[in-house]
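Visitor: I'd like a walk through this structure, one question at a time. Could you show it first?

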Amino acid sequence: MQKRKRNNQVKFYVNDEELKLINDRVRSANVTNRGAYLRKMAIDGYIVNVDTSDLKAVIKEMNAVGKNINQITRNANIYGIDQQDIDTLKAKVDEIWQLLKSILSNTLSANQ
């Protein structure tokens, strides 16, 4: 019998969903040997942890700004304010929201 190049066994358990994800990634990497794939990922792979707490705080504050704008709009309809100013304000807030969503999406996809 031929002697092994690797004498140390590493064993871990996964659930059905994790196994499916691993097998999908092995197939997408065009690797036929799952052990080789797992060994390569364990040695050369890396995990990126991104702290999104600041971004979440900004989103919370933007939500508060949006609520304030709604109150301003309600008062503007009652007491009368230039509609063009309101539309400009809403457009700017929407623009900020789009930027925040884009940043959050990019951050979360980098984290996975």
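## Around the core and along the helices

Guide: Let's start with methionine 62, which is buried because its relative accessible area is 10%. Keep in mind that this is a predicted model.

Visitor: Which helix holds methionine 62?

Guide: Among the buried residues of H3 are Leu55, Met62 and Ile69. The place of methionine 62 is therefore in helix H3.

Visitor: What does methionine 62 touch, not counting residues up to four places away in sequence?

Guide: Leucine 100 sits 38 residues from methionine 62 along the chain, with 9.3 Å between their C-alpha atoms. Contact here means heavy atoms within 4.5 Å. With close sequence neighbours left aside, the partners of methionine 62 are Val93, Ile96, Trp97 and Leu100.

Visitor: Which residues make up the largest nonpolar core?

Guide: To join a core, a nonpolar residue has to be buried and linked through side-chain atoms within 4.5 Å. Here the largest one has 5 residues in all: Leu55, Met62, Ile69, Val93 and Leu100.

Visitor: And which element gives the largest share of this core?

Guide: The elements that give two or more residues to the core are H3 and helix H4 (83–111). The largest share, 3 residues, comes from H3.

Visitor: How far apart are the end C-alpha atoms of H3?

Guide: Helix H3 covers residues 53–79, which is 27 residues. At 1.5 Å a residue the helix should span 39 Å, and the model agrees, because its end C-alpha atoms are 39 Å apart.

Visitor: What happens to the backbone just after H3?

Guide: Glycine 80 comes right there, and its phi is positive. The value is about 90°.

Visitor: Is tryptophan 97 buried, partly exposed or exposed?

Guide: Tryptophan 97 lies in helix H4. Leaving out neighbours within four places in sequence, tryptophan 97 contacts Ile59, Met62 and Asn63. Buried means under 20% relative accessible area. Tryptophan 97 has 22%, so it counts as partly exposed.

Visitor: How far is tryptophan 97 from arginine 27, C-alpha to C-alpha?

Guide: Along the chain, tryptophan 97 and arginine 27 are 70 residues apart. In space, their C-alpha atoms are separated by 38 Å.

Visitor: Let's do charges. How many salt bridges does a search of the whole structure find?

Guide: Side chains of opposite charge can pair when their charged atoms come close. The cut-off used is a side-chain nitrogen within 4 Å of a carboxyl oxygen. On that basis, the number of salt bridges in the whole structure is 3.

Visitor: Which residues are linked in a network of salt bridges?

Guide: Lysine 20 pairs with aspartate 24, with the closest N and O atoms 2.9 Å apart. Aspartate 24 also meets arginine 27 in a salt bridge, at 2.7 Å from N to O. The network therefore links Lys20, Asp24 and Arg27.

Visitor: How many residues separate lysine 20 and aspartate 24 in helix H1?

Guide: An α-helix has 3.6 residues a turn, so residues three or four places apart point the same way. Aspartate 24 and arginine 27, 3 residues apart in helix H1, are separated by about one helical turn. For lysine 20 and aspartate 24, also about one turn of the helix, the spacing is 4 residues.

Visitor: Of that network, which residue counts as partly exposed?

Guide: Exposed means over 50% relative accessible area. Lysine 20 is at 52% and so counts as exposed, and arginine 27 counts as exposed at 54%. At 28%, the partly exposed residue is aspartate 24.

Visitor: What is the distance between the closest N and O atoms of lysine 40 and aspartate 44?

Guide: Lysine 40 and aspartate 44 both lie in helix H2 (residues 34–44), 4 residues apart. Lysine 40 is exposed at 52%, while aspartate 44 is partly exposed at 44%. Their salt bridge has its closest N and O atoms at 2.4 Å.

Visitor: Which residue other than glycine has a positive phi near 55°?

Guide: Most residues other than glycine have a negative phi, and most peptide bonds are trans. This residue lies in the loop between H1 and H2, and it is exposed, with a relative accessible area of 71%. With phi near 55°, it is asparagine 30.

Terms used. Residues are numbered from 1 along each chain as its sequence is written. This is a predicted model: local features need pLDDT of at least 70, side-chain atom pairs count only at pLDDT 80 or more; totals for chains, interfaces and linings use all residues. Side-chain values use heavy atoms; hydrogens and water are left out. The expected span of a helix is 1.5 Å times one less than its number of residues. Buried means under 20% relative accessible area, exposed over 50%, partly exposed in between (1.4 Å probe, protein chains only).
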